[in-house]
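Please look through the sequence and the structure shown here, and then follow the explanation from single residues to the contact between the chains.

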Amino acid sequence: MNMKQLKDAQLVVLFKNGDAKAFEELVLRYQAHIYTYILSLTKNPDSASDLTQDLFIKVYKNLSKYNEENKLKNWIFTLARNIVMDHFRKHNKRFIPLENTAEDEFSIINILPDGSPKPLETAIENYKKEMVNSAIGKLSQDEQELIHLKDSFTFQEIADMQKKPIGTLLSKFNRSLKKIRKILSETAPEVCDEYMQ
Amino acid sequence: MNICNKLPLFFYNEMSKEDGEKFRQHLKDCKNCQCSFAMLDFLQNKQEVQSAPLNVIQDIFNKTTRRRFFHAYVKTWKIGFAVAASLFVGFFVMFYSDEPQIPDTYSYDISPISYDDIAQIDMTISEIEYTGNII
Ligand SMILES: [Zn+2]
């Protein structure tokens, strides 16, 4: 049986019937989105690794009792959020600001990981990504979270998960876009010019 | 809701076909939405989903599905044998033990006693009190 073709709900049923591979498929299916989401909140790769691990262990322990198979993704992300919030509480942190890359003196050479020569296009592309991620990092925590959740969910799913009206989320999302635009126009006007062409 | 606010729904294709068509018309004339659309398009290509490090995934499996519990090290028949032996010894001790049974303190003999018996007991007690001798 090819697990990759199965829906989440089918994997949960298999897991409940004792198929450990079904759980492993769920981990492989969600690990990247979860890790990116947690990393976006913690800004620390080590913490993100630890918390991702804690999360999936928690999912494993509770999955057999979980009955709303169709909302599994929402459940996993909600658990992830709770785990991160607990982590912040334990460490007395509300929000860890992103490293201040945008305001540092910037050179394209800095973004080449090992200093080895790379094609200029790759370096420029990395620079743009860096600028965008830096701009996103300057948003409020709620706004950042929404931007990252949007990678994995529809607005309706996020609204259901956070129990908020979809209109509120759309307003927040649009506000975040405007902020990103403003930040980019100040920190990297050349990036801003590109998307406006 | 302000129609411009719905741009993200249009961009991510989360509108009904009918609403999508209406929005497309709006987009042709609205500079603000055109700008936001371009921004979203740009953002989508620049954001990356990052995979967790391989050792993290391996550790998750090692602590969940591939975790080796104590019983995984001992063959099942050995555990079965040990359980059966314990039960046998337990029953043997319970049924063939010489230890006296502890009486139930809450049950006592309430068989009837006659007045003659009571009189006899009274007389015996009086005699003990009078002579100081236990008969
Ligand atoms: Zn508009």
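In this predicted model, Tyr66(A) has a relative accessibility of 10% and therefore counts as buried, since the cut-off for that class is under 20%. Tyr66(A) sits in the loop that runs between H3 and helix H4 (72–90) of chain A, and, once its neighbours within four places in sequence are set aside, the residues in contact with Tyr66(A) are Lys16(A), Lys71(A), Leu72(A) and Trp75(A). The backbone also brings Tyr66(A) and Val12(A) together from separate parts of the sequence, for their C-alpha atoms are separated by 8.6 Å while the two residues are 54 residues apart along the chain.

Another loop residue of chain A, Lys43(A), lies between H2 and H3. Lys43(A) is buried as well, with a relative accessible area of 19%, a value that falls within the buried class because the limit is under 20%. The backbone of Lys43(A) has a positive phi of about 60°, although this residue is not a glycine, and its side chain is joined to that of Gln144(A) by a polar contact of 2.6 Å. In helix H3 of chain A one finds Ser47(A), which is buried with a relative accessible area of 16%; when residues up to four places away in sequence are not counted, Ser47(A) touches Thr42(A) and His87(A).

The charged side chains of chain A give a further view of how its parts are connected. Lys4(A), Asp8(A), Glu25(A) and Arg29(A) are linked in a network of salt bridges, and this network can be followed pair by pair. The side chains of Lys4(A) and Glu25(A) meet in a salt bridge, at 3.5 Å from N to O, and this pair links distant parts of the chain, since Lys4(A) belongs to the segment before helix H1 (8–16) of chain A and Glu25(A) to helix H2 of chain A, 21 residues apart. The two partners are placed in opposite classes of accessibility: Lys4(A) is exposed, with a relative accessible area of 59%, whereas Glu25(A), at 8% relative accessibility, counts as buried.

Glu25(A) also forms a salt bridge with Arg29(A), the closest N and O atoms being 3.4 Å apart, and here both residues lie in helix H2 of chain A, 4 residues apart, which is about one turn of the helix. From Arg29(A) the network goes on to Asp8(A), as the side chains of Asp8(A) and Arg29(A) meet in a salt bridge of 2.8 Å, N to O. This pair again links distant parts of the chain, with Asp8(A) in helix H1 and Arg29(A) in helix H2 of chain A, 21 residues apart. Asp8(A) is buried, with a relative accessible area of 14%, while Arg29(A) is partly exposed at 24%. Over all chains, a search of the whole structure finds 14 salt bridges.

The partner chain can be taken next. The secondary structure of chain B comes to 7 helices and 0 strands, and buried residues make up 22% of its 135 residues. Chain B exposes about 11,200 Å², of which carbon and sulfur atoms supply 59%. Among the contacts in chain B between residues at least 6 apart in sequence, 38% join residues at least 24 apart. A local detail of its backbone is Asn13(B), which has a positive phi of about 60° although it is not a glycine. Asn13(B) is placed in the loop between helix H1 (7–11) and helix H2 (17–29) of chain B, and it is exposed, with a relative accessible area of 68%.

What remains is the contact between the two chains. The size of an interface is often given as the accessible area lost when the parts come together. Chain A and chain B bury about 3,600 Å² between them, with 68% of it on carbon and sulfur atoms, and the contact takes 47 residues from chain A and 33 residues from chain B. Across this interface there are 2 salt bridges, and the side chains of Glu24(A) and Arg66(B) meet in a salt bridge at 2.8 Å, N to O. Between chain A and chain B, 12 residue pairs are in polar contact, with both residues at pLDDT 80 or more. The side of chain A that touches chain B receives two or more residues from each of several helices, including H2, H5 and H8 of chain A, and its largest share, 12 residues, comes from H2(A). By class, that side of chain A has 24 nonpolar, 13 polar and 10 charged residues.

Terms used:
Residues numbered from 1 in each chain as written. Chains lettered and ligands numbered in written order. Predicted model: local features only at pLDDT ≥ 70, side-chain atom pairs only at ≥ 80, totals over all residues. Heavy atoms only, no water. Contact = heavy atoms within 4.5 Å. Buried area = accessible area lost by both parts, 1.4 Å probe. Salt bridge = Lys/Arg side-chain N within 4 Å of Asp/Glu carboxyl O. Polar contact = N/O pair within 3.5 Å; in protein donor to acceptor, adjacent residues only side chain to side chain. Nonpolar A, V, L, I, M, F, W, Y, C, P; charged D, E, K, R; others polar. Buried < 20%, exposed > 50% of the residue type's maximum accessible area, 1.4 Å probe, protein only. Areas by Shrake-Rupley, 256 points an atom, 1.4 Å probe, with all protein chains shown as cover.
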